[in-house]
Amino acid sequence: MTNQSARNNILAKLKSQVAGADYDKLPKETGFEYPKLSREQQLEQFVGHLESNHAQVVKTSKAQIAEVVARELKSLGIDRLLYGKSGQYSEEIQALKGSVTLQEFDFVVESQAKQNLFDNTPAAITGAHSAIAATGTIVLWPTVEEPRTLSLVPPVHFVIVDAEQLYANFALLMNEQQWHNKMPTNVVLISGPSKTADIQQTLAYGAHGPEKLVVLLLVG
Amino acid sequence: MLVIKVSEFIKNVKRDLNDPQLRENFRGAMDYLMDKRQAAFTDVDEWATLKEQCKRIKQRCLLKLPHLLEQLEENLQRNGIEVHWAETTEQANEIIAKLIAKEHGKSVVKGKSMVSEEVALNDHLEQQGVECLETDMGEYIVQLAKEHPSHIIMPAIHQNKSQIGKLFVQHIDGFDYSSDVDTLIKAGRNVLRDKFCQADVGVTGVNFAVAETGTLCLVENEGNGRMCSTVPDLHIAITGIEKVIEKLDDVPPLLSLLTRSATGQAISTYFNMITHPRQPGEKDGPKAVHLVLLDNGRSQAFADEELRQTLQCIRCGACMNHCPVYTRIGGHAYGTVYPGPIGKIATPHMLGLEATNELPSASSLCGACEEVCPVGIPIPKLLLRLRKESVKPRADMPQTVKGQGGGRKPVEALIWQLWALVHKSPWLYRWSTKLLTRLSWLMPKNLGPWTTARTAPKPAAKTLHELIGENEKQGKRK
Ligand code: SF4
């Protein structure tokens, strides 16, 4: 390991200051009790936040995924879609064959394939791991099938969210699923399309990530 | 770390106070950010509860700091992320330059990171022939203008859109002047997309480092942080040692207060949690991830229980947004990487009080910063403490803050010693106040900073003691 002496110096300095600390006597950290919401209220909260953050939310069902995506792509004038072959909803997505050119994410992101991902991929679709009502957040847990760049590089991102996977808040989600036992390579929480207010506090979408986020919320 | 000489602080303040455009830009931005924040905290009870909770979380994590750092290191290493330690900014730069050189890296894309500004990483890498490009829109603008960020959350607020339009005409090939924000952002996006695709290395900061799982968390809206930590083969994260938190459970309340205090958002667009480099079979993500932990004066602040509170900071920027001094003089006048109230309490530990002794004094102690601080840092109290440290005799032990006594002026010290002497002895007090009233004609017109905006005080013809004495005599006579 590098910089052994810097490490030892820093730790020694810090340790000498807290040598006698009594960790059993720390004050209680009381959190705020948020009012409990019904299922419907949570869904409403989830959609409300996403929409006010400029995401497009379409309530639909598993059976209608292909239809909705085809319609939205057409209205955007896009004829290609990148997806992960053995992802959660790959069967439903494959039903799009014929109406759009489906491109599989079957490459490693390097050299020509990388360039292609940046230059010639107008839209992509992924599933979601879960979702959070309190902040209108979609939780992605990228996999070998649906890699990290799939939801990041293409300018339009379709994401399929199962309403059954909606949790009241972030703390609850991590606790119920016991995240502390095993974290994957990457988890990303997404709450809208990419944006910035860096120029004169004026909101602009599509700073570096997707400029359009279409959420297919499976409710039936 | 960029820093101006103290004598320049006053000069800078005068310069920037007299720039109406600059003042308009800051006023507008601060009003916007204050409104946003206020709208995000409508429930007073919730705010008070969360603030107390987050303060206690950070205080617990600080009390356990050395152990959490060891735990973080162990878990990160188990996850395949290498950990490096730097006591100084030079060490940090050297570590990063070496990591890049080992991979023959030529181009770096950087996500927003104030710690990388603190170590002046760009300058260092450029000297080594490595191109280092800022990719946060605000940072990119500031870098094009060859300036430094004027705010820790919104680096380019000192410029307005037409100024930025002109800047783009100069620096982006084929860009026709426009002050339309969407057009400007699109132009920036196009330039930077190519860079993300081609860069060898991505450098980012860290908002929270979770010891329990060995996870690095990044908060952002634009997606450049995700790009920098996903697309290049090598990802180097750099952060201060105080950013470690104990467990995942600590994340939600801190995250909620961070984004709401900073920009009034319930959550940022992206919250990115990184736990491993690319695993076998995965198709993207960096092949190697490194974390550089920087001290640079933090362990000094840590050594004093009162000053330790400085390290609770989660860098939300709310204290600057609400600071009447910051709003008027802007971020550049401070001459330090971290401007505003947080800069005034953090920078003396990094640069020493000799170089920064004017900063703790440049405050009206109105307390707005403490009121909005989501982790309850008593900023005005710490400013007073630093003022004290800066006039303490240099030789005093222990040396609490590097450069202590840096603001001590012999004449001033002598005056206060005399003052103390006079107030200890009644006859000396009466005698000297009487002398003062009789010699009032000797009072100079010019009393340094006091008289820049006020007239010099003129002692009355008689002291209060004398007047009362006379009154009593008259009363008795009646
Ligand atoms: S001192 Fe408090 S208000 Fe200021 S940046 Fe830090 S956390 Fe935010």
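Two strands are taken to pair if DSSP finds at least two bridges between them, and helices (H or I, at least four residues) and strands (E, at least two) are DSSP runs numbered from the N terminus. The structure described here is a predicted model, in which local features need pLDDT of at least 70 and side-chain atom pairs count only at pLDDT 80 or more, whereas totals for chains, interfaces and linings use all residues. Residues are numbered from 1 along each chain as its sequence is written, chains are lettered from A and ligands numbered from 1 in the order in which they are written, and side-chain values use heavy atoms, with hydrogens and water left out.

The secondary structure of chain B comes to 22 helices and 10 strands, and its C-alpha atoms fill a box of roughly 105 × 55 × 50 Å along the principal axes. Of the 478 residues in chain B, 59% are buried, where buried means under 20% relative accessible area, exposed means over 50%, and partly exposed lies in between (1.4 Å probe, protein chains only). Among the contacts in chain B (heavy atoms within 4.5 Å) between residues at least 6 apart in sequence, 72% join residues at least 24 apart.

One open sheet has eight strands contributed by chains A and B, in the order 8(A)-5(A)-6(A)-9(A)-9(B)-6(B)-5(B)-8(B), and its pairing is mixed. Its edges are formed by strand 8 (166–167) of chain A and strand 8 (244–245) of chain B, each of which pairs on one side only. Within this sheet, strand 5 (residues 208–210) and strand 6 (residues 215–220) of chain B pair in the antiparallel sense over three bridges, and Phe208(B) stands opposite Cys217(B) in strand 6 of chain B. Helix 12 (residues 251–263) of chain B packs on the sheet, where it touches strand 5, strand 6, strand 8 and strand 9 (270–274) of chain B, and its direction makes about 175° with that of strand 5 of chain B; axes are lines fitted to C-alpha atoms, for helices over the stretch in contact, and angles run from 0 to 180 degrees between N-to-C directions.

Phe208(B) also belongs to the largest nonpolar core, which has 124 residues, and is listed with Phe170(A), Trp179(A), Leu69(B), Ile236(B), Phe271(B) and Met273(B) as having the most contacts inside that core. A nonpolar core is a set of buried Ala, Val, Leu, Ile, Met, Phe, Trp, Tyr and Cys residues joined through side-chain atoms within 4.5 Å. When neighbours within four places in sequence are left aside, the residues in contact with Phe208(B) include Leu254(B), Leu255(B), Leu258(B), Phe271(B) and Ile314(B). Another core, of 36 residues, lies apart from the largest one, and among its members are Leu82(A), Met137(B), Leu144(B) and Phe175(B).

A second open sheet, of six strands, lies in chain B with the order 1-10-7-4-2-3 and parallel pairing. Strand 1 and strand 3 (131–134) of chain B are its edge strands, each pairing on one side only, and the twist averages 20° from one strand to the next. Helix 10 (residues 181–198) of chain B packs on this sheet, touching strand 2 (107–110) and strand 3 of chain B, and its direction makes about 130° with that of strand 3 of chain B. Strand 10 (residues 288–294) of chain B is mostly covered, six of its seven residues being buried. Strand 10 of chain B is joined in parallel by six bridges to strand 1 (residues 81–86) of chain B, with Val292(B) as the bridge partner of His84(B), and by seven bridges to strand 7 (residues 234–240) of chain B, with Leu234(B) opposite Ala288(B). Strand 7 of chain B also runs parallel to strand 4 (residues 201–204) of chain B, to which four bridges join it, and Val203(B) stands opposite Ile236(B).

The shell around the ligand (residues with a heavy atom within 4 Å) includes Cys313(B), Ile314(B), Arg315(B), Cys316(B), Cys319(B) and Cys373(B). The shell divides into 10 nonpolar residues, one polar and one charged, where Ala, Val, Leu, Ile, Met, Phe, Trp, Tyr, Cys and Pro count as nonpolar, Asp, Glu, Lys and Arg as charged, and the others, Gly among them, as polar. Ile377(B), another residue of the shell, is in contact with Gln309(B), as are Gln59(B), Pro378(B) and Leu382(B). Gln309(B) lies in the loop between helix 13 (298–302) and helix 14 (318–321) of chain B, and is buried, with a relative accessible area of 17%.
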